[in-house]
Amino acid sequence: MAEHVIKMPDVGEGVAEAELVEWHVAVGDLVREDAILAAVMTDKATVEIPSPVDGKVSWLGAEIGDTVAVGSALVKIEIAGDAPAPTPMDDGQGEAPIAEGMAPEGETLPAPPAEKIEKPREPAQAEKPAAPAKKPAPAPAATGAPRPEGERPLASPAVRLRAREAGVDLRQVAGSGPAGRISHDDLDAFIARGSAPAAAGLRPNTSVDEIKVVGLRRRIAEKMQIAKARIPHITYVEEVDVGALEDLRGKLNAEKRPEQAKLTLLPFLARAIVRAVAEQPQINAIYDDEAGIVHRHGGVHIGIAAQTPSGLVVPVLRHAEARDLWDCAAEIGRLAEAARSGTATREELSGSTITITSLGALGGVATTPVINHPEVAIVGVNKMMVRPMWDGTQFVPRKMMNLSSSFDHRVVDGWDAAVFVQRLKTLIETPALIFVES
C-alpha cells in the first residue's frame, strides 16, 4: 500500500492559485482513474481535477472557498502496490484539468462529459483486488427517511442551491453517491415523487443554513463591492412610450424570414444606444481611476446582464455599431443561450463598454442599477405596462416602460446623463429615427 499525492495543477491563464469551489469526493471514497475529484475556479472559469490513479481518498487538503496555490498538495489517495512515477498532474504542471463552462481565451469549449460526474461510482476493488477493502459508508434508505437532527447531508453547492430554490429539505432526500452523497439525479427523483410529506399543521422553523460564498457568487460579490465602493452613482429614471416601437416590432416579427431571430426589445435598445453614444461618446467609456484616464471607445460593446442558474453573468454584444437590427437579435440570442448553458467563453464575458440590465419580466416600477465596473453607464429596463396617459383632452391607454439608468458621476454630469436618457426616449418613441442614417 502506498500513498499518492495529487497537487494543484497548473490551470493555465498564467494564474498561480485557484479557488476550490466543489469537492466530488470525501475521505474514504474509492475512486477510479479519471474520476473527478474536485472543481476549482479561476476568474470565472471552472476547472475540474480528475484522479490520475485508482484508490481510496485518504486526505483532502482544502475546504470549499479556500484559495490553493499551484503545486500545493490537494488530495492524497491510498493505492495498491508502490507509488507510481509522478505524472505531470502530480507536480502541478500537467494539462489534466478539464475546463467547465468557460474556455480559455481564443479556445473553444471541450465537449461535455458523456455522463454526470455524480453518478454512483463502482468500487475500484472490482478491477484491483488489492485495493482497499473498506466499503463506502452506506447510503440512506431509498425511501428518503429523514436524517437524524443535526446531520448535514452530503451534497455539492449546486445541489444545495437547487434544493433551496425548490423548497426541498435535503435531509429528506436519499443520496445514491458515496457516503450517501446527494446528486442532481437524486434531487430530481425526490421532486418528481412529490417532495416531502405534508406537514401536520404549522410549526416554527428554527433552522439556520450557513452558506459559504464561493465561486461565481464570490466573484459577483467582489465585483459589486468594487462598483459601489469606487463609483459615485447617479441614477436617472424616465418613462418611455413604447407603443410605436411595439407596433413596429410586431410587424417585423410577423414578416421575418424563418432563419431570422425573433425580435425582442433588446436589439432595438442596442441600436438606440449606438445612435445615442455617437452623439455623447463620453457615455461609451471605461474609467481607469487609478491612472486617471477615461478611455472612450469607438466600438460599442454592449454587455447584456443575464441571470443564469449559476448567477449573474454579462455576455458582450461586440461591435453593436456594425450590426443591423437582425444581426443584433441573432447575436443576443446566441449569447444568452451560451450564458444559460455555461458555455460562454472568457472573451464573450469581458470587454463591454456599456451595459443593459433588465428586470422587466419580474415587474417593478424602477430600479437602481449598479454600474458594471469600470464602465461609466448602465441602462436598466423596467416592466412594460399599459398606463392611462393624458393627451391634452383625455386619458388614453398607452404602453409605457421606465428606463432606470446609472452613471459614474465622476466623469458624467447629471445634465449629460439626462440628455443621454432623453435621446434614448426620443429614439424609442420614434423608432424610425433609429434607422435614419446620420
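The exchange below concerns a predicted model of a protein chain.

Colleague: How many helices and strands does the secondary structure of the protein chain come to?

Modeller: The chain has 438 residues, of which 42% count as buried, and its accessible surface comes to about 22400 Å², with 54% of that area belonging to carbon and sulfur atoms. Among contacts with a separation of 6 or more, 67% are between residues 24 or more positions apart. The secondary structure of this chain comes to seven helices and 20 strands.

Colleague: How far apart are the end C-alpha atoms of helix H4?

Modeller: Helix H4 covers residues 243–255, and at 1.5 Å a residue its 13 residues should span 18 Å. The value computed from the model agrees with that expectation, since the end C-alpha atoms are 19 Å apart.

Colleague: Which residues of H4 are exposed on the other side from its buried residues?

Modeller: The buried residues of H4 are Gly243, Leu245, Glu246 and Asn253. Seen down the helix axis, these buried residues fall within an arc of 160°, so they line one face of H4. They pack against strand E10 (233–241), helix H5 (265–279), strand E20 (395–408) and helix H7 (414–429). On the other side of H4, the exposed residues are Lys251 and Glu255.

Colleague: How many of the 15 residues of H5 are buried?

Modeller: The 15 residues of H5 should span 21 Å at 1.5 Å a residue, and the end C-alpha atoms, 22 Å apart, agree with this. The buried residues include Pro267, Phe268, Arg271 and Arg275. H5 is largely enclosed by the rest of the structure, because the number of its residues that are buried is 12.

Colleague: At the start of H5, which residue has a backbone nitrogen that a side-chain oxygen of Thr264 reaches?

Modeller: The buried residues of H5 include Leu265, but the contact in question concerns another residue at the start of the helix. A side-chain oxygen of Thr264 reaches to within 3.3 Å of a backbone nitrogen there, and that nitrogen belongs to Leu266.

Colleague: Is Lys56, which forms a salt bridge with Glu78, buried or exposed?

Modeller: The closest N and O atoms of Lys56 and Glu78 are 4.0 Å apart. Lys56 lies in strand E6 (residues 55–60) and Glu78 in strand E8 (residues 73–79), so the pair ties together parts that are 22 residues apart in sequence. Glu78, at 25% relative accessibility, counts as partly exposed. Lys56 has a relative accessibility of 14%, and therefore counts as buried.

Colleague: Which residues are linked with Arg230 in a network of salt bridges?

Modeller: Arg230 forms a salt bridge with Asp289, the closest N and O atoms being 2.6 Å apart. This pair links distant parts of the chain, with Arg230 in helix H3 (residues 215–230) and Asp289 in the loop between strand E11 (285–288) and strand E12 (293–296), 59 residues apart. Arg230 is partly exposed, with a relative accessible area of 31%, and Asp289 is partly exposed too, with 21%. The residues linked with Arg230 in the network are Asp289, Glu290, Asp408 and Arg410.

Colleague: How many residues apart in sequence are the parts that Glu279 and Arg423 tie together?

Modeller: Glu279 forms a salt bridge with Arg423, their closest N and O atoms being 3.1 Å apart. Glu279 lies in helix H5 and Arg423 in helix H7, so the separation in sequence of the parts tied together is 144 residues.

How values were computed. Residues numbered from 1 in each chain as written. Predicted model: local features only at pLDDT ≥ 70, side-chain atom pairs only at ≥ 80, totals over all residues. Heavy atoms only, no water. Helix = DSSP H or I, 4+ residues; strand = E, 2+ residues; numbered from the N terminus. Expected span 1.5 Å × (residues − 1). Buried < 20%, exposed > 50% of the residue type's maximum accessible area, 1.4 Å probe, protein only. Arc of directions from axis to C-beta. Contact = heavy atoms within 4.5 Å. Salt bridge = Lys/Arg side-chain N within 4 Å of Asp/Glu carboxyl O. Areas by Shrake-Rupley, 256 points an atom, 1.4 Å probe, with all protein chains shown as cover. Polar contact = N/O pair within 3.5 Å; in protein donor to acceptor, adjacent residues only side chain to side chain.
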